[in-house]
Amino acid sequence: MDLANYTKLALLLVCFCVTSSTAGTTTTAANDDLKHAPYKDPRQPLKVRTDDLVSRMTLEEKIGQMSQIERKVATPDVMRIYSVGSVLSGGGSVPRLKATSQDWVEMINQMQSASLESRLGIPFIYGIATVHGHNNVYKATLFPHNIGLGATRDPELVKRIGAATAREVRATG
């Protein structure tokens, strides 16, 4: 790559950084307009709400909403600035070693509060790998993997395990 192409690339990166750093900033008048926006009114029909919300979104916000990031990089600032739509805790991705259900609730609440402070106030979706129970939480109940459960040929047992896992996940927010 020659110097002219490096210069063009550097300018593009600068433009991207400037655009990204201003995403989420609004004026007081714009904030007041958003308080009464149709997308925030649960009495409005779904189509009216979604059309209104999408029409207000910047390209950066649309990209953020379509993105799922790993919990390790999901800080409150990242959630607020980049309008991230989804966060995932894969296997072993925990807020800290031996994280209790309360640690999880606090972490998720901090991220959700930051998401709600973004320009449009869109909440994010949290995903967690619970292949054999809520195993990312310290002292959670662990169950056999799906192939082992299938080998039992007991659909009622699998339903009970699913319900138990759901209760434990719900307890962490």
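This report walks through the fold of a predicted model, from its overall layout to its sheet.

## Overall layout

The protein chain has eight helices and three strands. Read from the N terminus, the order of elements is α-α-α-α-β-α-β-α-β-α-α.

On the bulk numbers, 31% of the 173 residues in the protein chain are buried. The accessible surface is about 11300 Å², and carbon and sulfur atoms own 62% of that. If you take the contacts with a separation of 6 or more, 48% of them link residues 24 or more positions apart.

## The sheet

The three strands form an open sheet in the order S1-S2-S3, and the pairing is parallel. S1 (68–70) and S3 sit at the edges with a single partner strand each, so one side of each has no neighbour in the sheet. On average, neighbouring strands here are turned by 25 degrees against each other, ignoring direction.

H6 packs on this sheet and touches both S2 and S3. The direction of H6 makes about 145 degrees with that of S3.

## From S2 to S3

Now for the S2 and S3 pair. S2 covers residues 86–89 and S3 covers residues 125–128; the two run parallel and are joined by four bridges. Within this pair, Ser 89 stands opposite Ile 128 in S3.

How does the chain get across, and which hand does the crossover have? The chain leaves S2, passes through helix H6 (residues 101–116) and arrives at S3, making a right-handed β-α-β crossover. So the connecting helix H6 is also the one that packs on the sheet.

Note on methods. Residues numbered from 1 in each chain as written. Predicted model: local features only at pLDDT ≥ 70, side-chain atom pairs only at ≥ 80, totals over all residues. Heavy atoms only, no water. Pairing = 2+ DSSP bridges. Right-handed = clockwise from strand over helix to strand, strands pointing away. Axes fitted to C-alpha atoms, helices over the stretch in contact; angles between N-to-C directions. Contact = heavy atoms within 4.5 Å. Buried < 20%, exposed > 50% of the residue type's maximum accessible area, 1.4 Å probe, protein only. Areas by Shrake-Rupley, 256 points an atom, 1.4 Å probe, with all protein chains shown as cover.
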